[in-house]
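User: I have a structure to look at and would like to understand how it is put together. Could we go through it step by step?

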Amino acid sequence: MKIEKLTDNKIRVILKQKDFKNKNINIHSLLLSTPELQSLFLEILNQAKKEVNFDTDGHKLLLEVFLQNDDIFVFTITKYIDYNATPHTSSKKYVTVKRKNCKLNSKLNIYEFKTFDDFCSFCDSINNTINLRGLFKSSILYCYNNLYFLVINDFSTTNNAIHSIHAYLLEFAKFQSNDANFESKLIEHGKVVMKNNAIKTGIKYFA
């Protein structure tokens with residue numbers, strides 16, 4: 001299990017199948033609806049409090065689950081203050097779950113950023129964290145309908161960093177499509193902001 005603090009109110013947790021060993025939990029049924037899952041969730045929160053000082057007392061929580069494959073998944077935990085509750089009077093956690101299944105395509109993956117600043121924040125977050133060498137063939141950033149689309153071609157499926165960069169992307173962008181027709185629309189109607197090495201360029205100038 002790996003825990004990363006993204007902001008004061010958000011953490012990322014990366015879990016592998018081995019983390020579920022002897023816990024009697026199905027990795028594909030992450031709805032926090034069983035005692036086993038609730039126990040695991042509280043265990044993660046306790047560990048996050050110790051490792052990255054992520055204290056959830058007096059907060060409601062939003063859990064977003066991103067399934068990647070049969071061995072690994074990533075989820076984020078976001079906390080916000082419940083102003084109608086008295087802080088520290090109850091240890092009960094109120095959790096809203098959003099489950100997303102974003103399957104990677106080795107040939108084409110398109111991510112939608114709401115703003116250019118979001119793209120820059122993504123570049124900053126992976127700077128000195130992920131080795132991009134040989135990870136993909138090209139990355140191009142387009143502007144289309146006042147949104148920014150990052151097109152990544154030919155992911156290397158043998159590179160373990162593929163899952164890490166996908167998880168980082170889902171923090172700052174939305175998985176839009178792996179449809180070649182949508183890429184053609186971007187090429188025809190969108191404006192190229194950064195060509196060929198958009199991620200490396202973003203890191204160089206904005207990280």
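Analyst: We can discuss the sheet, a pair of helices and the cysteines in turn; please note that this is a predicted model.

User: Let's start with the sheet. In what order do the five strands come?

Analyst: The order is E9-E6-E8-E7-E10, in an open sheet with antiparallel pairing.

User: And which are the edge strands?

Analyst: They are strand E9, residues 174-177, and strand E10, residues 191-194; each of them pairs on one side only. From one strand to the next, the twist averages 35°.

User: How many bridges join E7 and E8?

Analyst: Strand E7 (residues 136-144) and strand E8 (residues 147-155) are joined antiparallel over eight bridges. Within this pair, Ile-140 stands opposite Val-151 in E8.

User: Now the helices. At what angle do H2 and H3 cross?

Analyst: Helix H2 (residues 116-126) and helix H3 (residues 161-172) cross at roughly 145°, and their axes come within 9 Å. The crossing is right-handed.

User: Which residues make the contact?

Analyst: H2 contributes Asp-118, Ser-121, Phe-122, Ser-125 and Ile-126, while H3 contributes Ile-165, Tyr-168, Leu-169 and Phe-172. By class, six of these residues are nonpolar, two are polar and one is charged.

User: Different topic: how many disulfides are there?

Analyst: The count is zero. For Cys-120, the nearest cysteine sulfur is that of Cys-123, 6.3 Å away, whereas a disulfide requires the sulfur atoms to be within 2.5 Å.

User: Are those two cysteines buried or exposed?

Analyst: Cys-120 counts as buried at 11% relative accessibility. Cys-123 is also buried, with a relative accessible area of 0%.

Technical notes: Residues numbered from 1 in each chain as written. Predicted model: local features only at pLDDT ≥ 70, side-chain atom pairs only at ≥ 80, totals over all residues. Heavy atoms only, no water. Pairing = 2+ DSSP bridges. Helix = DSSP H or I, 4+ residues; strand = E, 2+ residues; numbered from the N terminus. Axes fitted to C-alpha atoms, helices over the stretch in contact; angles between N-to-C directions. Left-handed = near helix turned anticlockwise from the far one by under 90°. Contact = heavy atoms within 4.5 Å. Nonpolar A, V, L, I, M, F, W, Y, C, P; charged D, E, K, R; others polar. Buried < 20%, exposed > 50% of the residue type's maximum accessible area, 1.4 Å probe, protein only.
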